Amino acid sequence: MRQFVLLGHDVPTTPDFSLDDLAGGAGRLDALCRSITASFVTSHGIREDVRVHLVIRDQLTITFDGSELRNLHPDERSTAALVRTALEHREEAIGSLPAEPSPGVELYRRGFEATLEAVSSDSTVVQLHEDGEAVVDASVPTDPVFVLSDHHDFTAAEQRLLEAHADRRLRLGPTRLHADQAITVAHHCLDTDGYTRF
């Protein structure tokens, strides 16, 4: 299983945003949607062994599970529509029980720390960072959880949580990449067992 935790610092916690203004009124949801689709979409297919956890303002987490996910298309608008539908059902999430607004999508009332705790129990948590070990020099992580931020850097509090939970800190290359690009490179590294099998 491959997992990605995406931090959305400015995404609204309510569904009151326009699908026509994802870059502005929806708190750069456009970039996060590109990351979600990069996590799942292949040419004429979808990766079923992937989960994405979108943490919104450290209050809500929307989890997408590729083994059950439906209606995900390779465009920002349809992905944002899945996010908005999930937010429309946020009142159905009670305690640790999620709302289940559509196949393969769950919304939890938990922030970054609780999400990290949930995914780290049986996975290798990896922070992608420009100061990390070069991925070509590292062993391929087992059941990795890659943690990425949106257009903002990790806050000091988020950095402390990562230091407490991350098993690895890796660098994908010499150039800083957008999160969706980093996800594509991470997939390629895993698909090829660390660039050893093609």
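Let me start with helix H1, residues 29-40, which in this predicted model lies across strand E1 (2-8), strand E4 (50-56) and strand E5 (60-65), and which runs at about 165 degrees to E4. If you then turn to helix H5, residues 179-191, you will find that it lies across E1, E4, E8 and strand E9 (144-149), with an angle of about 165 degrees to E9.

The strands I have just named belong to an open sheet of eight strands, whose order is E6-E7-E5-E4-E1-E9-E8-E10 and whose pairing is mixed. At its edges are strand E6 (99-102) and strand E10 (168-171), each of which pairs on one side only. On average, and with direction ignored, neighbouring strands in this sheet are turned by 30 degrees against each other. As for the partner of E10, strand E8, residues 124-134, pairs with E10 in the parallel sense over five bridges, and within E10 it is arginine 168 that stands opposite valine 126.

Coming back to H1, how does this helix pack with helix H2, residues 76-88? The angle between them is about 95 degrees, and their axes are 9 Å apart, which means that H1 is roughly perpendicular to H2, given that angles from 65 to 115 degrees are counted in that class. On the H1 side the contact is made by Leu29, Asp30, Cys33, Arg34, Ile36 and Thr37, and these meet Glu76, Thr79, Ala80 and Val83 in H2. Sorted by character, the residues of this contact between H1 and H2 comprise five nonpolar, two polar and three charged ones.

Terms used
Residues are numbered from 1 along each chain as its sequence is written. This is a predicted model: local features need pLDDT of at least 70, side-chain atom pairs count only at pLDDT 80 or more; totals for chains, interfaces and linings use all residues. Side-chain values use heavy atoms; hydrogens and water are left out. Two strands pair if DSSP finds at least two bridges between them. Helices (H or I, at least four residues) and strands (E, at least two) are DSSP runs, numbered from the N terminus. Axes are lines fitted to C-alpha atoms, for helices over the stretch in contact, and angles run from 0 to 180 degrees between N-to-C directions. Contact means heavy atoms within 4.5 Å. Angles under 35 degrees count as roughly parallel, over 145 as roughly antiparallel, 65 to 115 as roughly perpendicular and the rest as oblique. Ala, Val, Leu, Ile, Met, Phe, Trp, Tyr, Cys and Pro count as nonpolar, Asp, Glu, Lys and Arg as charged, and the others, Gly among them, as polar.
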